Amino acid sequence: ERARSNFYSIADMAFHGVAVFATDLMFVEEGKKTLFNYRHAKIGTYVIEEDDEGIVDTTMREFELTYRQAKQMFNKPGDNLPAEMERAARGAQGLKKKFCFLHCIFPREDSKRLPGRKDGANKPIASVYIAMEYKECVRVGGFDEQPAMVQRFDKWGTDAPWGYSPAYLG
């Protein structure tokens, strides 16, 4: 299944990011055309946070989509694209307009989950998308396991989640 997905092209970008910037983020989600779909976050568009054991368990990334891409991505029941976004995308120039989104992935406290429920809002890992320009939540979902994969060449000290690379040493 990994070979049928876009893993190798995304992993290649991630390996380059680790070699140069020492820290890189990619994550996996359910695909539409294949079982898995991998996404890469460009350096400078995300932040990471570690738990008490030094494992990255929280990521937040900004990314842009055209309205067409947003409609394709947020087409599940419960998704809520702002109506103002559609109005802003009308016309020839609107087709090119990009909208900024924030994707937050973090552990969900047990007290925030309903026992026995298996829907996205009750999964142990929260996944929340926000339309930044409109300050509206577009999707609240979740994962059973952490979908974010943070690679670091070597950690930069003990109190920082970021890494440092061979490029820094050279």
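**A walk through the predicted chain**

The protein chain exposes about 10,600 Å², and carbon and sulfur atoms supply 53% of that area. The model is a predicted one. Along its principal axes, the C-alpha trace of the protein chain spans about 50 × 45 × 35 Å. Of the 170 residues in the protein chain, 38% are buried.

The secondary structure comes next. The protein chain has five helices and eight strands. Read from the N terminus, their order is α-β-β-β-β-α-α-α-β-β-β-β-α. A helix therefore opens the series and another helix closes it, with two runs of four strands on either side of three helices. Contacts across the sequence can be described as well: taking those between residues at least 6 apart in sequence, 53% join residues at least 24 apart.

The interior can be followed from the largest nonpolar core, which has 15 residues. Within this core, F74, L81, M85 and F101 have the most contacts. Four elements each supply at least two of the core residues: the strands β4 (56-66), β5 (98-107) and β6 (125-131), and the helix α2 (67-73). The element that gives the most is α2, with three residues.

L81 shows what surrounds one of these core residues. Leaving aside its neighbours within four places in sequence, L81 is in contact with Y67, A70, K71, F74, F101 and V138. Two of these partners, F74 and F101, are themselves among the core residues with the most contacts inside the core.

Charged side chains are the next topic. The protein chain has 25 positive and 25 negative side chains. The centres of the two sets lie 10 Å apart.

Two loop residues deserve a look at the backbone. A22 is not a glycine, yet its phi is positive, at about 75°. This residue is found in the loop between α1 (7-21) and β1 (23-30). K135, also not a glycine, has a positive phi of about 55°. Its place is in the loop between β6 and β7 (136-143).

Are A22 and K135 buried or exposed? A22 has a relative accessible area of 1%, and because buried means under 20%, A22 counts as buried. K135 has 71% relative accessibility, and because exposed means over 50%, K135 counts as exposed.

Technical notes. Residues numbered from 1 in each chain as written. Predicted model: local features only at pLDDT ≥ 70, side-chain atom pairs only at ≥ 80, totals over all residues. Heavy atoms only, no water. Buried < 20%, exposed > 50% of the residue type's maximum accessible area, 1.4 Å probe, protein only. Contact = heavy atoms within 4.5 Å. Areas by Shrake-Rupley, 256 points an atom, 1.4 Å probe, with all protein chains shown as cover. Lys, Arg positive; Asp, Glu negative; His and termini not counted. Charge placed at Lys NZ, Arg CZ, Asp CG, Glu CD. Core = buried A, V, L, I, M, F, W, Y, C linked by side-chain atoms within 4.5 Å.
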